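Work through the exercises below with the sequence and the model at hand. Each task is followed by a solution in steps.

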Amino acid sequence: MRSFPCNQAEATSPRSRRTKVGMISLGCAKNLVDAEIMLGNVLQHGMEITSDADDADVLVINTCAFIDSAKEESIDAILEAHQQRGLSKRPNQKLIVSGCMSQRYASELREQLPEVDAFIGLDQVSELGGIIEQIVAGVGDPGRFDTSVSATGITDAGYNFVTARPTYIPDYDTPRFRLTPAHSAYLKIAEGCNHPCSFCVIPQMRGKHRSRSPESVLAEIRGLVAEGVREINLISQDTTYYGMDLWREKAGPRQPVDSSRGPTLSALLREIQQIEGEFWVRLLYTHPAHWSDELIETMAECDKIARYIDIPLQHIDDSMLLRMRRETSRAHIESLIGKLRAGIPGVALRTTFIVGFPGETEAEFETLIEFIERVRFDRLGIFKYSQEEGSRAAKMPGQISQKTKTARYRRAMLVQQRIARETAHDKLGKKLRLLFDQPLIGRTEADAPDVDARVILSAPAPVGEFGWCTIIGVRGYDLLA
């Protein structure tokens with residue numbers, strides 16, 4: 001995507017009185033990319049971006065609805081923003097809600113949150129500038145079709161621009177205002193998901209899996225590298241399924257990966273390897289069902305691909321995987337981990353697990369604990385199961401109490417904390433390649449931005465560049481160099 005320099009938001013003189021737009025983005029990196037696209041469109045329409053919510057003529061809350069706590073955070077942010085515009089005496093400030101919660105619940109929220117001036121969905125992320133112009137001007141509300149709307153189109157319930165089944169996906173020339181540091185970027189290679197996981201409603205919110213063309217992805221990477229980006233994090237709901245929906249003969253979610261049938265992640269990575277420049281590419285959100293021997297071989301042979309794999313497994317007990325509808329098995333997962341570690345020397349594995357899923361017995365939980373202790377993941381996160389309305393799992397019998405979920409969460413995290421300490425101490429005395437995020441902060445190949453550990457430096461280093469440092473100590477999850 002075509003990105004704007006990070007200081008462009010401040011390039012416009014306040015005296016010009018262009019519409020000022022503020023953004024609060026919640027949730028995952030995929031949501032962050034949507035926020036960047038929205039702001040890019042705002043700039044394209046000649047508006048200003050401000051980091052001061054009180055100074056904004058229009059404030060956008062980009063919401064997350066992945067689990068209950070994310071929904072609560074989103075609602076709190078909306079209500080706080082409304083309260084603050086009253087306290088700051090900006091009654092004319094417009095409040096727009098975007099993101100997954102807006103996409104899924106716009107009709108209900110429109111009635112429950114009259115404080116919100118407009119709701120937009122995923123199909124509108126590249127149209128925010130025009131929507132703001134429409135709202136500020138007070139013209140027609142395309143989200144309401146009844147005859148009771150006044151001549152102006154303004155309703156007490158606010159505008160609703162959300163379309164039911166999103167199909168949008170960005171292209172390389174989509175304007176984008178990057179919110180990440182200048183040297184690091186997220187690149188969305190696909191949108192939506194075809195998997196039927198029983199705990200998840202993302203397919204209902206974001207639609208079916210749809211990949212960008214390889215040409216579009218490669219064009220964006222070349223542009224980012226030319227701008228000085230040193231780290232490109234490839235993201236989607238299911239990165240390893242990339243390209244398979246573009247095959248002439250459509251592939252199902254259980255289809256084996258085969259580059260001879262059309263675009264694949266393996267083929268894309270080999271093309272990325274040919275791009276000139278010093279950078280690394282990181283794979284995030286890879287599904288275990290779509291790893292192939294070809295992809296493992298590609299990672300081993302391409303030195304621009306970080307030796308880091310984010311592979312959410314969610315559980316290891318076969319009965320749990322079946323109830324979760326994960327389309328994989330314990331035997332497959334254990335075989336895959338063995339292949340990854342043997343085929344990609346030095347690879348760092350990151351995963352997540354869910355505890356307290358409906359029907360999870362103590363024996364099934366103990367199976368998970370034993371697996372975590374034996375496999376020793378480099379990075380690991382634990383989620384307490386969230387009963388998501390509209391998911392298959394929400395209606396399952398055997399819902400686990402919050403007390404039990406919390407106890408299992410704490411037990412699993414204590415195990416991983418010990419493993420993380422031991423893994424960190426194994427790095428003492430080793431010389432590691434770092435990407436410097438701040439003068440005294442760096443990250444290794446084994447550390448994705450925002451979610452993993454850091455390396456704390458004893459002397460300043462050039463921000464946005466690579467360098468080699470010797471590890472001399474450990475502080476919590478972080479290393480010292």
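**Exercise 1. Pairing of β2 and β4**

How many bridges join β2 to strand β4, and in which sense do the two strands run?

Solution. This is a predicted model, and the pairing is read from its backbone. Step one: β4 covers residues 58-63, and five bridges join β2 to this strand. Step two: the two strands run parallel. Step three: residue pairs can be placed along the bridges. G22 has L59 of β4 as its bridge partner, and S25 stands opposite N62 in β4.

**Exercise 2. The connection from β2 to β3**

State how β2 and β3 pair, and determine the hand of the crossover between them.

Solution. Step one: strand β2 spans residues 20-25 and strand β3 residues 48-49; two bridges pair them in the parallel sense. Step two: on β2, K20 lies opposite E48 of β3. Step three: from β2 the chain passes through helix α1 (residues 29-44) before reaching β3, and this β-α-β crossover is right-handed.

**Exercise 3. The sheet**

Place these strands in their sheet and identify the edge strands.

Solution. Step one: strands of a sheet pair through backbone hydrogen bonds, either parallel or antiparallel. Step two: the sheet here is open, has six strands with parallel pairing, and follows the order β3-β2-β4-β5-β6-β7. Step three: β3 and β7 (159-160) each pair on one side only, which makes them the edge strands.

**Exercise 4. Helix α6**

Check the length of helix α6 against its expected span, then list its buried residues.

Solution. Step one: α6 runs over residues 214-226, which is 13 residues. Step two: at 1.5 Å a residue the helix should span 18 Å, and its end C-alpha atoms are 18 Å apart, so the two values agree. Step three: with buried taken as under 20% relative accessible area, the buried residues of α6 are P214, S216, V217, L218, E220, I221, L224 and V225. Step four: just after α6, G228 takes a positive phi of about 105°.

**Exercise 5. The chain as a whole**

Why can the chain be called as compact as a globular protein of its length?

Solution. Step one: the secondary structure comes to 12 helices and 22 strands. Step two: for 481 residues the globule rule gives 23 Å, and the radius of gyration is 23 Å, so the chain is as compact as a globular protein of that length. Step three: further values describe the packing. Buried residues make up 57% of the chain. Of the contacts with a separation of 6 or more, 74% are between residues 24 or more positions apart.

Methods. Residues numbered from 1 in each chain as written. Predicted model: local features only at pLDDT ≥ 70, side-chain atom pairs only at ≥ 80, totals over all residues. Heavy atoms only, no water. Helix = DSSP H or I, 4+ residues; strand = E, 2+ residues; numbered from the N terminus. Expected span 1.5 Å × (residues − 1). Buried < 20%, exposed > 50% of the residue type's maximum accessible area, 1.4 Å probe, protein only. Pairing = 2+ DSSP bridges. Right-handed = clockwise from strand over helix to strand, strands pointing away. Rg over C-alpha atoms; globule rule 2.2 N^0.38 Å. Contact = heavy atoms within 4.5 Å.
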